[in-house]
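Subject: Handover of a structure and summary of findings

Dear colleague,

Please find the structure below, which I am passing on to you for your records. I would be grateful if you could read the notes after it with the structure open beside you.

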Amino acid sequence: MFGSQGLMRNGKFFAFVGRAGDMVLKLPESQAAHLVTSGEATAVRAGRNATREWVGVPMPAGGGPSRWRDLLADAFRYAGTPARGA
């Protein structure tokens, strides 16, 4: 995914480590938008356009890896949901 190796569930990528060392996750659009708006994550770009569900999350300053673990669990659950229109 995006030229990286990553984690998959049901044949769908849901997480990988980005080039800058951030965790890149596929989350529900509303959750991804909230993370970007709050400044906790950055939108991932595919070409010129920002993606709606993919975000890059740097290692949290004071929170350690527990925040990543929580978001990774969210992404894993989301990857297990049926695709829209399916």
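The notes below describe the sheet, the helices and selected side-chain contacts.

Please keep in mind throughout that this is a predicted model.

The sheet

The fold contains an open sheet of 5 strands, arranged in the order β1-β2-β3-β5-β4 with antiparallel pairing. The edges are formed by β1 (6–9) and β4 (42–46), each of which pairs on one side only. From one strand to the next, the twist averages 35°.

Beginning at the β1 edge, this strand pairs with β2 (residues 12–17) in the antiparallel sense, over 4 bridges. Within that pairing, L7 has A15 of β2 as its bridge partner. Further along the sheet, β3 and β5 are also joined in the antiparallel sense by 4 bridges, and V24 has its bridge partner in β5 at G56.

At the other edge, β4 and β5 run antiparallel and are joined by 4 bridges. A46 stands opposite N49 of β5. These two strands form a hairpin with 2 residues between them, and G47 in the turn has a positive phi of about 75°.

The helices

Two helices deserve attention alongside the sheet. Helix α1 (residues 29–38) packs on the sheet, where it touches β4 and β5 (49–57); the direction of α1 makes about 65° with that of β5. Helix α2 (residues 66–79) lies across β1, β2, β3 (23–26) and β5, and runs at about 30° to β3.

A buried glutamate

Is E53, a residue of strand β5, buried or exposed? Its relative accessibility is 12%, so E53 counts as buried, the cut-off for that class being under 20%. The side chain of E53 is joined to that of Y78 by a polar contact of 2.2 Å.

Salt bridges

Side chains of opposite charge can pair when their charged atoms come close. How many salt bridges does the structure hold? There are 4, and three pairs are described here.

R52 forms a salt bridge with E29, with 3.6 Å between the closest N and O atoms. Because R52 lies in strand β5 and E29 in helix α1, this pair ties together parts that are 23 residues apart in sequence. R52 is exposed, at a relative accessible area of 54%, whereas E29 is partly exposed, at 36%.

R67 and E40 meet through their side chains in a salt bridge of 2.5 Å, N to O. Which parts of the chain does this pair tie together? R67 belongs to helix α2 and E40 to the loop between α1 and β4, so the parts joined are 27 residues apart in sequence. R67 counts as partly exposed at 28% relative accessibility, and E40 counts as partly exposed at 27%.

R77 and D74 form a salt bridge through their side chains, at 2.4 Å from N to O. This pair lies within helix α2: R77 and D74 are 3 residues apart, which means that about one helical turn separates them. R77 is partly exposed at 49% relative accessibility, and D74 is partly exposed with a relative accessible area of 22%.

In viewing the structure, you may wish to begin with the hairpin of β4 and β5, then turn to helix α1, which touches both of these strands, and finally to helix α2, which lies across β1, β2, β3 and β5.

With kind regards

Methods: Residues are numbered from 1 along each chain as its sequence is written. This is a predicted model: local features need pLDDT of at least 70, side-chain atom pairs count only at pLDDT 80 or more; totals for chains, interfaces and linings use all residues. Side-chain values use heavy atoms; hydrogens and water are left out. Two strands pair if DSSP finds at least two bridges between them. Axes are lines fitted to C-alpha atoms, for helices over the stretch in contact, and angles run from 0 to 180 degrees between N-to-C directions. Contact means heavy atoms within 4.5 Å. Buried means under 20% relative accessible area, exposed over 50%, partly exposed in between (1.4 Å probe, protein chains only). A polar contact is a pair of N or O atoms within 3.5 Å; within protein, one must be able to donate a hydrogen and the other to accept it, and residues adjacent in sequence count only if both atoms are side-chain atoms.
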